[in-house]
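Colleague: Could you walk me through this one? I keep meeting terms and wondering what earns them.

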Amino acid sequence: MAVGLDKFDEEKERERLRKMSDAQLIREGKAARYMCAPSTNFGKPPRDVYVTALRLCKEEYRRRHPKT
């Protein structure tokens, strides 16, 4: 999850996720899911960047492993 002071670029993040192995992608998705949890944010809504990162991880996983 590339979070920093720069603007979050979805296309760059998609490219980065495509280059990852399945294990790395799952680890990245779990980290994003943790950052979206209410307990992590003290009951406040999660930051948009983490919600977007989680969505992109799910999309990439579903692209690799489509339901038959």
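**What earns each name**

Modeller: Let's start in the middle: the buried residues of α2 are covered by, among others, α1 (10–18) and α3 (48–64). This is a predicted model, so local features need pLDDT of at least 70 and side-chain atom pairs count only at pLDDT 80 or more, while totals for chains, interfaces and linings use all residues. Residues are numbered from 1 along each chain as its sequence is written, and side-chain values use heavy atoms, leaving out hydrogens and water.

Colleague: What makes a stretch a helix, and how many are there in the protein?

Modeller: Helices are DSSP runs (H or I, at least four residues), strands are runs of E with at least two, and numbering goes from the N terminus. The protein has 3 helices and 0 strands.

Colleague: How do you know that the length of helix α2 agrees with what it should span?

Modeller: The expected span is 1.5 Å times one less than the number of residues. Helix α2 (residues 22–36) has 15 residues, so it should span 21 Å, and its end C-alpha atoms are 21 Å apart, which agrees.

Colleague: Which residues of α2 are buried?

Modeller: Buried means under 20% relative accessible area, exposed over 50%, and partly exposed in between (1.4 Å probe, protein chains only). In α2, Leu25, Glu28, Gly29, Ala32 and Cys36 are the buried ones. They cover an arc of only 100 degrees around the axis, so they sit on the same side of α2; the arc is that of the directions from the helix axis to the C-beta atoms. On the other side of α2 you'll find Arg27, Lys30 and Tyr34 exposed.

Colleague: Why is α1 called oblique to α3?

Modeller: α1 and α3 pack at an angle of about 45 degrees, with their axes 10 Å apart. That makes α1 oblique to α3, because angles under 35 degrees count as roughly parallel, over 145 as roughly antiparallel, 65 to 115 as roughly perpendicular and the rest as oblique. The axes are lines fitted to C-alpha atoms, for helices over the stretch in contact (heavy atoms within 4.5 Å), and angles run from 0 to 180 degrees between N-to-C directions.

Colleague: And Phe42: why does it count as exposed?

Modeller: Its relative accessibility is 77%, so Phe42 counts as exposed. Phe42 lies in the loop between α2 and α3, and has a positive phi of about 55 degrees although it is not a glycine.
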